[in-house]
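Me: Please take a close look at one part of this model, the sheet and what packs on it. I would like one connected account, with the cut-offs spelled out.

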Amino acid sequence: MNIELDIKYERGKKKVAKKIGLDNIENTEQLFKNNPSSSKLNLKKIICRRDKYKQSIRVLGNSGYRILLTTKYETIYFQDIMNHDKYDRLTKDC
């Protein structure tokens, strides 16, 4: 399984790391690489007309942040990292 990080995700990661700590984000990425079906990640499928493979995972550490990801050609792309308010707005009318 290949995992690629989108530019938007990298920028968001730097901003969010100041609030919740870079260790929590990196631990989440590592756990996803090792065990994508772990219950700690709380993997959710998102119903989206534009992207049928969109999902999200919870950032470890009870931080209230989620990572959006999608799958294309057997590669997983981490698209963005955001708090629950922004997550709800973006996924509402996907």
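Reply:
**The sheet and its surroundings**

Gly-61 takes a positive phi near 100° in the hairpin of strand 3 and strand 4, which has six residues between the strands. Helices (H or I, at least four residues) and strands (E, at least two) are DSSP runs, numbered from the N terminus. The model is a predicted one, in which local features need pLDDT of at least 70 and side-chain atom pairs count only at pLDDT 80 or more, while totals for chains, interfaces and linings use all residues. Residues are numbered from 1 along each chain as its sequence is written, and side-chain values use heavy atoms, with hydrogens and water left out.

The two strands of that hairpin, strand 3 (residues 55-58) and strand 4 (65-72), run antiparallel and are joined by four bridges. Two strands count as paired if DSSP finds at least two bridges between them. Ser-56 stands opposite Leu-68 in strand 4, and Lys-44 stands opposite Ser-56 in strand 3. Strand 2 pairs with strand 3 in the antiparallel sense, over two bridges.

The open sheet has five strands in the order 1-5-4-3-2, with mixed pairing. Strand 1 and strand 2 are at the edges with a single partner strand each, so one side of each has no neighbour in the sheet. At one edge, strand 1 and strand 5 are paired in the parallel sense over four bridges; the bridge partner of Asn-2 in strand 5 is Thr-75.

At the other edge, strand 2 (residues 44-45) contains Lys-45. Lys-45 is exposed, with a relative accessible area of 72%. Exposed means over 50% relative accessible area, buried means under 20%, and partly exposed lies in between (1.4 Å probe, protein chains only). Apart from its neighbours within four places in sequence, Lys-45 is in contact (heavy atoms within 4.5 Å) with Lys-54 and Gln-55. From Lys-45 to Leu-69 the C-alpha to C-alpha distance is 9.7 Å, across 24 residues of sequence.

What packs against the strands? The buried residues of helix 2 pack against strand 1 (2-5), strand 3, strand 4 and strand 5, and also against helix 1. Helix 2 has 13 residues and reaches 18 Å from its first C-alpha to its last, close to the 18 Å expected at 1.5 Å a residue; the expected span is 1.5 Å times one less than the number of residues. Its buried residues are Ile-25, Thr-28, Glu-29, Leu-31 and Phe-32. Seen down the axis of helix 2, these fall within an arc of 165°, so they line one face of the helix; the arc is that of the directions from the helix axis to the C-beta atoms. Asp-23 and Asn-34 are exposed on the other side of helix 2.

Ile-25 and Phe-32 also belong to the largest nonpolar core, which has 17 residues; together with Ile-57, Val-59, Ile-67, Phe-78 and Ile-81 they touch the most other members. A nonpolar core is a set of buried Ala, Val, Leu, Ile, Met, Phe, Trp, Tyr and Cys residues joined through side-chain atoms within 4.5 Å. Helix 1, helix 2, strand 4 and strand 5 are the elements that give two or more residues to this core, and helix 1 gives the most, with four. Not counting residues up to four places away in sequence, Ile-25 touches Val-59 and Ile-81, among others, and Lys-13 is also one of its contacts.

Lys-13 forms a salt bridge with Glu-29, with 3.1 Å between the closest N and O atoms. The pair links helix 1 to helix 2 (residues 22-34), 16 residues apart. Lys-13 counts as buried at 11% relative accessibility, and Glu-29 counts as buried at 10%. A salt bridge here is a side-chain nitrogen of Lys or Arg within 4 Å of a carboxyl oxygen of Asp or Glu, and by this rule there are three.

The side chains of Asp-80 and Lys-8 meet in a salt bridge at 3.8 Å, N to O. Asp-80 lies in strand 5 (residues 75-83) and Lys-8 in helix 1 (residues 7-20), so this pair ties together parts 72 residues apart in sequence. Asp-80 also forms a salt bridge with Lys-86, where the closest N and O atoms are 3.7 Å apart. Lys-8, Asp-80 and Lys-86 are thus linked in a network of salt bridges. Asp-80 is buried at 5% relative accessible area, whereas Lys-8 is partly exposed at 45% and Lys-86 is partly exposed at 30%.
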